[in-house]
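Subject: Model handover, with notes on pockets, cavity and one helix pair

Hello,

Here is the model for your files. My notes follow below it.

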Amino acid sequence: MATTLNKTLPDLSKLEPLDGNNYKRWSQKFLIFFEQLEVDYILFNDPPTDIVTDNSNSANIIVDDDATKKKFEKDNKTVRGHLLNHMTNPLFDLFINYKSAKVIWDSLEKKYGPDDAGKKKYVIEKWIKFQMVDDKPIMEQVHEYENLTADVLNESMEMCEILQANVLLEKFPPSWSDYRNQLKHKKKNLTLQELISHMRTEEANRLKDEESELLKDKMKSLSLNSSKANLVEFSSTFVKDRFKGK
């Protein structure tokens, strides 16, 4: 158990709840997670049997001891809890009464596992309709596009990285239109990862420019306030001196 705890486990905090359309990625991430917890056997094995009757000599043979049974029950609760806690509310309500993690897993695989033409149409439509906007962090939206592209590829639909990059170019928000035109005039066709690298650099430069402008505005404001304060002080001194003269 100590060995398992020392392993670096996948972060499930950002895993999208299962809604039926993201089953492939959802199930793959959970398989990796359960393998590293060393509880993935729960998904593929029935509960241990206490006693089996040997008809050849009418003797009872103990197959699994209490420790094995208790471990299975504990691991089943762990796996079941993780599965249920990463579902949308409708699916949670559907499976909450299932006590076996294996039954839940088998039911999900039967329902969402096989290739489905409707599902392919759904993921392609989401990928095509995706559009970047100016009021969200650019790299956060790039990550969303990568996930949508992965969904398409996971449906056994091939697509080269240059096409993936060219589609992303057309998804740029309005404030990035000049930069998009600049990239389009490059002689070399960029792969998706090369384009993302350029975008990351461009965003960093834009953030620096914004910080620089904010600093300039702050300095101007401080300078203006200082000038006003000096003017008030000068006026006050001038008035006092005039009264003294009288």
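The second largest pocket encloses about 210 Å³ of space. Keep in mind throughout that this is a predicted model.

**Second largest pocket**

Its lining runs through E16, D19, N21, N22, R25, Y122, V123, K126, E144, N147, L148 and D151. Two elements, α6 and α7, each give two or more residues to this lining. The top contributor is α7, with four residues. By class, the lining residues are three nonpolar, three polar and six charged.

**Largest pocket**

The largest pocket holds about 330 Å³ of space. Lining residues are D11, K14, L15, E16, N22, R25, W26, K29, H143 and N147. At least two of them come from α2, and at least two from α7. Here α2 gives the most, with three residues. The class split is two nonpolar, three polar and five charged.

Some names recur. E16, N22, R25 and N147 line the largest pocket, and E16, N22, R25 and N147 also appear in the lining of the second largest pocket.

**Cavity**

How many cavities of 30 Å³ or more does the structure hold? There is one. The largest cavity has a volume of about 50 Å³. Three elements give two or more residues to its lining: α2 (23-37), α6 (117-129) and α7 (138-154). The largest share, three residues, is from α2.

The residues around the cavity are N21, N22, Y23, K24, R25, K119, V123, D151, N154 and E155. Five of these are charged, three polar and two nonpolar.

Which domains supply the cavity lining? Domain 1 (22-47 + 67-113) and domain 2 (117-228) each give at least three residues.

The cavity also shares names with the pockets. N22 and R25 line the cavity, and N22 and R25 line the largest pocket as well. N21, V123 and D151 are in the cavity lining; N21, V123 and D151 are listed for the second largest pocket too.

**A helix pair**

One packing contact to look at: α3 with α5. Two packed helices are described by the angle between their axes and the distance between the axes. Helix α3 covers residues 66-85 and helix α5 covers residues 101-112. Their axes lie 8 Å apart and meet at an angle of about 40°. At that angle, α3 is oblique to α5.

From α3, the contact uses N76, V79, R80, L83 and L84. From α5, it uses A101, I104 and W105. Six of the contact residues are nonpolar, one is polar and one is charged.

**Where to start viewing**

I would begin at N22 and R25, which line the largest cavity, the largest pocket and the second largest pocket. Then go to the α3 and α5 contact, for example at W105 of α5 and L83 of α3.

Best wishes

Technical notes:
Residues numbered from 1 in each chain as written. Predicted model: local features only at pLDDT ≥ 70, side-chain atom pairs only at ≥ 80, totals over all residues. Heavy atoms only, no water. 1 Å grid on protein atoms, 1.4 Å probe; cavity = no way out; pocket = protein on both sides within 12 Å on 5 of 7 lines; lining within 4 Å. Points joined across faces, edges and corners; volume = space filled by probe spheres on them. Nonpolar A, V, L, I, M, F, W, Y, C, P; charged D, E, K, R; others polar. Domains from an automatic or database assignment. Axes fitted to C-alpha atoms, helices over the stretch in contact; angles between N-to-C directions. Parallel < 35°, antiparallel > 145°, perpendicular 65-115°, else oblique. Contact = heavy atoms within 4.5 Å.
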